[in-house]
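Welcome, and please open the structure in your viewer. We will go from one selection to the next and say what is there at each stop.

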Amino acid sequence: MLVQVLNGLVYGGLLYIVSVGLVLIFGLRRIVNFAHGSLFMIGAYVGFSVAAMGGFWGAVLVAALVLALAGALLDVTVLRPLQREDPIVTVLVTFGLLLVLENFAQFVWGKDFLKMPVPAMLSGSVSIFGESFPAYRLLVIAVAAAVALGLSVWLRVSRIGLYVRASSADPLTTAMQGVNTDRVSVVVVALGAGLAGLSGTISAPLLALSPSMGSYILIESFIVVVVGGLGSFVGAFVAAMVIGQVHNFGLVYVPWAATMIPFLLMVAVLIWRPTGIAGSHV
Amino acid sequence: MRTSIWLACAVVGAGAVASGPAVSQEALKIGVPTALTGTYAGLGNEAVRAVEFAAEQVNAKGGVAGRKVEIKTLDSEAKPEVARKQAEKLALEGYKILTGTIASGEGLAMAPMLARWDAIYVSTINKSDKLTGESCGPRVFRVNKQDAQDAAVVKPWLAKRKEGKWAIMAADIAWGRDSGRSFVEAAKAGKKQIVAELYSPFGTNDFAPFIQEIKSSGAEGLWVALAGRDAINFATQAKEFGILDKIFVAGVSFVTDNTVKALGPISKGVWGIINYSSTLDTPANKAFVEAWKKKYNGDEPTNFEGETYMGMQVIFQAVERAKSVKPMNVAKAMHGGTFDTILGKLKIRAEDHQIVAPNFFGYIGERDGKLRPIITETISAETATPAPTGTCKMAAF
């Protein structure tokens, strides 16, 4: 039972790191970034390549940084020029980007499935109340907790965090107050993409790497974002944790309905609380 | 810019005219609706490699009875409804001999449409018994081993195992359900107890809840029917939770040549059905493996590549005998015919269009310094292929 709860936390934690990136980008740019799944995928591949040369921790760092840089580039070259267009244009462009990145990964790393080994230091298991649990999974929970904590402190305490919260609430008024929202946006999109890269590398020892791996996580991340409330950081955290548990216990107790439950949850939220758990406020 | 396009057109046109007389007969057009993305992408790529290899090989010798072989591949994502759509597209473009599809559900979705498309389907990877059972027909053939043939191998093997309690972990698709059902039957026959029967959604990311169930079920043995990305995800996570070391693991399509490449040492010691191996010692197989290695930088053909190549051998011989590429004429030549393949002279049963072929069993171990499936038992074609069950009511040609 306890192990099943922990398993839910692992999956929920991974979902959280991916979705909070989506939430960050949505908050500022008001667009749903379809390329986010492929940023996750590229993160996993970059992590895989770096880990083969420089070890796991180096891989986590490099993948996050490379993807953050890619995110900054994405904001400056794609999202900023398109901000005055209809949102559907940006959605289509990010969707196109997803296809391009998938082909890019296929070209660089090949079509065959790849597998990243669990770092030797964490390959054992830990005994929790008499039940053994893989050490690496505890790391995933720890990273998710650290991201959640770090992010909320950053948003509450720092000046740029204040700007982010303000721009998420109302970009126009924020800009009128003299905040350079474009500059804030570069930071935020870079952070969101960096988190996608981080989660990609963190999940690489658990999942098979393939160019289409992003799509497996993207749909569930969308569900998290909708259930949590578009643009809400707290909501995304709560929703990811709930979906992690629901997913896990669903597979154990009602396997025939397990894949449907997250969708049903989303439908229920949209009917009874269309603004999401957190009511779409930061 | 425009001039160069015209120039290019002229060159292509001239080329077409020039190559015209060399191959005067209608080309043999083979359509491959297969998974190029998603959970079974790895398997789809294997199928495509084998089809292309066979076509290139025969084209270099002047084609099949003077007919050039043309291939077209479309992505079916291993989803039945997508496969049906893509197969229809291929058939309408004239690629009416379909092969290389991965998931059984895809083959089952295509089967009832073949008459409307005037196409035939030659399965090289689908395992569900239904394809040559309830869904059989004059236009459907299977050149690979079906579940019943795998079960015939598993039954005697399982009866001899010392583990009494078994768990089943299979993909929740037509093939996984089929394989799970046959394993339950084999367990009954061998007086083994099934303590957990788990089916994971196709394309599962996190197998932890299933692994936990297997652990707490007290199983001593585990039967796995997962393939592609599912297989890799499950094996990695099962290793992490320590069950690969504590529980005896065997399976079908689980640790294949290709998943071993991705999994490395994790796959060592896992037992399973081996439908084809490049190490098989027949002259035809040796020649095939040598030619393959030459083309693919020393890589040996995998199980799915071997089986798909076999399918192409059968198609080519049927076209030669039919002296036609008309789908129904090819089908007539296949119906009840005997063909030279890399597994020897094999017959396609007239009753249900299932190939009667030998099957193999073994484990993942090290040979020639490389981790690979090693065959320990060979089961002859007659023993490995149970008689038709009677579920197939073959319509008249």
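## Where the chains meet

Start by selecting chains A and B together: 27 residues of chain A are in contact with 27 residues of chain B, contact being C-beta atoms, placed from the backbone, that lie within 7 Å. This is a predicted model, in which local features need pLDDT of at least 70 and side-chain atom pairs count only at pLDDT 80 or more, while totals for chains, interfaces and linings use all residues. Residues are numbered from 1 along each chain as its sequence is written, and chains are lettered from A and ligands numbered from 1 in the order in which they are written.

Now keep only the side of chain A that touches chain B. Which helix gives the most to this side? That is α1(A), with five residues. Helices here are DSSP runs of H or I with at least four residues and strands are runs of E with at least two, both numbered from the N terminus. By class, this side of chain A holds 16 nonpolar, eight polar and three charged residues. Nonpolar covers Ala, Val, Leu, Ile, Met, Phe, Trp, Tyr, Cys and Pro; charged covers Asp, Glu, Lys and Arg; the others, Gly among them, are polar.

Next, select α9(A) and residues 208-217 of chain B, which form helix α8. Their axes are 9 Å apart and the packing angle is about 45°; axes are lines fitted to C-alpha atoms, for helices over the stretch in contact, and angles run from 0 to 180 degrees between N-to-C directions. α9(A) is therefore oblique to α8(B). Under 35 degrees counts as roughly parallel, over 145 as roughly antiparallel, 65 to 115 as roughly perpendicular, and the rest as oblique. To see the meeting point, show N248(A), L251(A) and V252(A) in α9(A) with P209(B), F210(B) and E213(B) in α8(B). This contact has four nonpolar, one polar and one charged residues.

## Inside chain A

Stay with α9 (residues 233-253) of chain A and add α1 (residues 2-29) of chain A: their axes come within 7 Å and cross at roughly 140°. α1(A) and α9(A) are therefore oblique to each other. Among the residues making the contact are G8(A), G12(A) and L15(A) of α1(A), and A240(A), G244(A) and N248(A) of α9(A). How many charged residues does the contact of α1(A) with α9(A) have? It has no charged residues, beside 14 nonpolar and nine polar.

Then select α2 (residues 36-79) and α3 (residues 87-109) of chain A, whose axes come within 12 Å and cross at roughly 150°. That makes α2(A) roughly antiparallel to α3(A). Where they meet, you will find M41(A), I42(A) and Y45(A) among the residues of α2(A), and L98(A), L101(A) and W109(A) among those of α3(A). The classes in this contact are ten nonpolar, three polar and one charged.

## Over to chain B

Colour chain B by domain: domain 1 is 26-145 + 281-357 and domain 2 is 148-274 + 361-383, with bounds from an automatic or database domain assignment. Their centres, taken over C-alpha atoms, are 26 Å apart. Between them, 20 residues of domain 1 of chain B are in contact with 18 residues of domain 2 of chain B. On the domain 1 side, α2 (41-60), α4 (104-110) and α13 (303-322) of chain B each supply at least two residues.

Finally, colour chain B by pLDDT, the predictor's confidence in each residue, from 0 to 100. The mean is 91, and 94% of the residues reach 70 or more. Residues 1-23 of chain B have pLDDT below 50. Where pLDDT is low, the predicted coordinates should not be read in detail.

Technical notes: Two residues are in contact if their C-beta atoms, placed from the backbone, lie within 7 Å.
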